[in-house]
Amino acid sequence: MKPELLPALTVAYLGDSVFEVYVREFLIKECHIVKPDLLQKEAVQYVSAKAQAGFMQKAIECGWLSDEEIVIYKRGRNAKGRRHVKNMSVITHNQSSGFETLIGHLYLLDNMSRIQEIFELYKGYVDGECL
């Protein structure tokens, strides 16, 4: 399936769920968190729109993404949705959608190794590591 032929927000929808699986797997396997309430609490810091938007700004600034990946991100970021955003700026929401579009696009291309690379950078960003 060619992800570029699908609506960007459809690809973002898929990317959101794919990224959620990466986060949950990380919390269970690497952080050894097994209580559902604690899993949910910890997952929020990784899957928040604010964290995803901040990561994308850092990733672009640091050159962690290819030119093609930036184009995919911008396609998702600039997609027009009809959803009303609560408790966050439209800019943050759009940047988060761009991140999710990138993850969904890579997933549809079966590029799991690149998703894993991005996830490793993302974990470092969220955990405040100096990258």
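The protein chain carries 16 positive and 17 negative side chains, and the centres of these two sets lie 8 Å apart. These values, like the others below, were computed from a predicted model.

With the charges in mind, we can turn to the overall fold. The protein chain holds six helices and zero strands, and read from the N terminus its elements follow the order α-α-α-α-α-α. The radius of gyration of the protein chain is 14 Å, close to the 14 Å that the globule rule gives for 131 residues, so the chain is as compact as a globular protein of that length. Taken along the principal axes, the box filled by the C-alpha atoms of the protein chain is roughly 40 × 35 × 30 Å.

The surface and the interior can be described in a similar way. About 8,000 Å² of accessible surface belongs to the protein chain, and 54% of that surface comes from carbon and sulfur atoms, while 41% of the 131 residues count as buried. If we look at contacts between residues at least 6 apart in sequence, we find that 71% of them join residues at least 24 apart.

Which residues form the aromatic cluster of this structure? The cluster consists of Phe 19, Tyr 22, Phe 26, Tyr 46, Phe 55, Trp 64, Phe 99, Phe 119, Tyr 122 and Tyr 125. In the structure there are eleven aromatic pairs. In one of these pairs, the ring centres of Phe 55 and Phe 99 are 5.9 Å apart and the ring planes stand at 80°, so the pair is edge-to-face, given that planes over 60 degrees apart count as edge-to-face. Because Phe 55 lies in helix 3 (residues 49–62) and Phe 99 in helix 5 (residues 90–108), this pair ties together parts that are 44 residues apart in sequence. Both partners are hidden from the surface, for Phe 55 is buried with a relative accessible area of 1%, and Phe 99 is buried with a relative accessibility of 0%.

Phe 55 also pairs with Tyr 125, and here the ring centres are 6.0 Å apart with the planes at 70°, so this pair too is edge-to-face. The pair links distant parts of the chain, since Phe 55 belongs to helix 3 and Tyr 125 to helix 6 (residues 112–126), 70 residues apart. Tyr 125 has a relative accessibility of 29% and therefore counts as partly exposed, a label that covers values between the 20% limit for buried and the 50% limit for exposed residues.

Helix 3 also holds Gln 52, and the relative accessibility of Gln 52 is 0%, so this residue counts as buried. What is Gln 52 in contact with, once its neighbours within four places in sequence are left aside? The residues in contact with Gln 52 are Phe 19, Tyr 46, Val 47, Ser 96, Phe 99, Glu 100 and Tyr 122, and among them Phe 19, Tyr 46, Phe 99 and Tyr 122 belong to the aromatic cluster.

A further buried residue is found in helix 5, where Ile 103 lies, with a relative accessible area of 0%. Leaving aside neighbours within four places in sequence, Ile 103 is in contact with Gly 15, Val 18, Phe 19, Ile 115 and Ile 118. Between the C-alpha atoms of Ile 103 and Lys 2, which are 101 residues apart along the chain, the separation is 14 Å.

Helix 1 (residues 8–29) offers another setting, for it contains Ile 28, which is partly exposed with a relative accessible area of 42%. Not counting residues up to four places away in sequence, Ile 28 touches Ile 33 and Leu 39. The C-alpha atoms of Ile 28 and Glu 42, 14 residues apart along the chain, are separated by 11 Å.

Finally, we come to two residues in loops. His 32 is placed in the loop between helix 1 and helix 2 (36–47), and Asp 110 is found in the loop between helix 5 and helix 6. Are these residues buried or exposed? His 32 is exposed, with a relative accessible area of 62%, and Asp 110 counts as exposed at 59% relative accessibility. The backbone angle phi of His 32 is near 60°, a positive value in a residue other than glycine, and phi of Asp 110 is likewise near 60° and positive, again in a residue other than glycine.

Note on methods
Residues numbered from 1 in each chain as written. Heavy atoms only, no water. Helix = DSSP H or I, 4+ residues; strand = E, 2+ residues; numbered from the N terminus. Rg over C-alpha atoms; globule rule 2.2 N^0.38 Å. Buried < 20%, exposed > 50% of the residue type's maximum accessible area, 1.4 Å probe, protein only. Contact = heavy atoms within 4.5 Å. Areas by Shrake-Rupley, 256 points an atom, 1.4 Å probe, with all protein chains shown as cover. Lys, Arg positive; Asp, Glu negative; His and termini not counted. Charge placed at Lys NZ, Arg CZ, Asp CG, Glu CD. Phe/Tyr/Trp six-rings, centres within 6.5 Å; stacked < 30°, edge-to-face > 60°.
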